[in-house]
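Biologist: I've just opened this one and could use a guided tour. Can we go through it together?

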Amino acid sequence: MRIIRFSKENTIHLAAYTDDKKIYLLPYHDFFDIVRLADDQETTPLQIINNMIAELMPLELNIEDLDLLVPIEAPEVWAAGVTYLKSKEARNYEATGGKLDATTFYDKVYNAPRPEIFFKSTSARTKGTGQDLYIRSDSHWQIPEPELGLVLNKEGNIIGYTAGNDMSSRDIEGENPLYLPQAKIWRNSCSIGPAIRLAETVMDPYQFQITCRIFRHEKQVFQGSASTGQLKRKFDELVSYLIKDNEIFDGTILLTGTCIVPPNEFTLEDGDRVEIDISGIGVLNNPIKKQPKSI
Ligand code: DO4
Ligand code: MG
């Protein structure tokens, strides 16, 4: 069972998207209205949704026909880093100018008890599927970072999973680790979607298959795949550091790190398109554009 949001005739709708691809309108605006109702009734979001849709007729529409929005207006998006071997190797390459045998702080954080957790995005900077992401004007080495996103409640419980793109500037990050916020946060530098998969419908979250495809002039120029089974840490471990002495809010997203990195000579260009496909969640599709001249 998945949750989607879409816009039709200037109205925003919340809907359930079932495994047999049926779409049911839900009488709520926000997924967390259902999560809170489930808490109050001491049941689960899946139970609430199943009870609701038992009384409803599905829409006579396919998901491809919908103008999808972010599945949740996440108040904050945080991200974990260097949680996969592939990410550690790529960061070492950036930070050492290509000396692959060098040992760096990336090796230290990969092995340390405390993970890297950083602030990634606010709801205004976070876009949904089909919406443009922007590249920075002061960077010449930029990549998408395909990541599994945890959808958290304010207690830090994992309520759902989504796909996320932690757009990153490799040259700015590689120049100096203190530049990390600039290498990670700018206008339209993050996307999530296309759906939230209810956590209670996922048997094993370490079996998500993640595929990233990049298209230039609609010709595929990169494809890479990996599995969350390759993650060095556990999801609960990452969440425990995020919430330690911290306040988070219902609908906070924690991106769990990238496991797919395009070749070192690759950089995103204006006009590219990025697809992040996660099994059981869907395809997060974003055109890449240069920064608009005026906002
Ligand atoms: O250390 C920098 C960021 C790492 C990151 O974003 C990742 O591993 O996905
Ligand atoms: Mg990342």
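Modeller: Here is a short run of questions and answers about this predicted model.

Biologist: Let's begin with the metal. Which residues are the protein donors of the magnesium ion (ligand 2)?

Modeller: Read along the sequence, the donor residues are spaced E-x1-E-x18-D. Their donor atoms lie 2.0 to 2.1 Å from the ion. The two glutamates give OE atoms and the aspartate gives an OD atom, and the names are E145, E147 and D166.

Biologist: How many residues apart are E145 and D166?

Modeller: E145 is in the loop between strand 9 (142-143) and strand 10 (146-152). D166, on the other hand, is in strand 11. The pair links distant parts of the chain, and the gap between them is 21 residues.

Biologist: And is D166 buried or exposed?

Modeller: Anything under 20% relative accessible area counts as buried. E145 comes in at 3%, so that donor is buried. D166 has a relative accessibility of 0%, so D166 is also buried.

Biologist: Staying in strand 11, which backbone oxygen lies 2.8 Å from a polar atom of the T162 side chain?

Modeller: T162 sits in strand 11 (residues 158-166), and with 0% relative accessibility it is buried. Its contacts away from its sequence neighbours include E147, G193 and A195. A polar atom of the T162 side chain is 3.3 Å from the backbone nitrogen of G193. The backbone oxygen at 2.8 Å is that of A195.

Biologist: Now for the greasy parts. Which helix gives the most residues to the largest nonpolar core?

Modeller: That core has 42 residues, and L148, L150 and Y161 touch the most other members. The helix giving the most supplies 4 residues, and that is helix 7 (residues 235-243).

Biologist: How many residues are in the second, separate core?

Modeller: Start from Y161 in the largest core: beyond its sequence neighbours, its contacts include L148, L150, F208 and I281. The second core is separate and has I3, L46, C190 and I192 among its members. Its size is 31 residues.

Biologist: What about T258: which residue's backbone oxygen lies 3.1 Å from a polar atom of its side chain?

Modeller: T258 lies in the loop between strand 16 (252-255) and strand 17 (273-278), and it is buried at 2% relative accessibility. T258 touches two of the magnesium donors, E145 and E147, and also P146. The backbone oxygen of P146 is 3.5 Å from a polar atom of the T258 side chain. The one at 3.1 Å belongs to I260.

Biologist: What volume does the largest pocket have?

Modeller: The pocket is lined by 13 residues, and I63, E64, P194, G282 and V283 lie nearest its centre. The elements giving two or more residues to the lining are strand 13 (190-198) and strand 18 (282-290). The volume is about 240 Å³.

Biologist: One last stop: what distance separates the C-alpha atoms of L180 and K289?

Modeller: L180 belongs to helix 6 (residues 180-184) and is buried, with a relative accessible area of 14%. Not counting residues up to four places away in sequence, L180 touches E116, F118 and E173. K289 is 109 residues from L180 along the chain, and their C-alpha atoms are separated by 22 Å.

Conventions. Residues numbered from 1 in each chain as written. Chains lettered and ligands numbered in written order. Predicted model: local features only at pLDDT ≥ 70, side-chain atom pairs only at ≥ 80, totals over all residues. Heavy atoms only, no water. Core = buried A, V, L, I, M, F, W, Y, C linked by side-chain atoms within 4.5 Å. Buried < 20%, exposed > 50% of the residue type's maximum accessible area, 1.4 Å probe, protein only. Contact = heavy atoms within 4.5 Å. Polar contact = N/O pair within 3.5 Å; in protein donor to acceptor, adjacent residues only side chain to side chain. Donors = N, O, S within 2.8 Å, 3.2 Å for Na, K, Ca; no water. 1 Å grid on protein atoms, 1.4 Å probe; cavity = no way out; pocket = protein on both sides within 12 Å on 5 of 7 lines; lining within 4 Å. Points joined across faces, edges and corners; volume = space filled by probe spheres on them.
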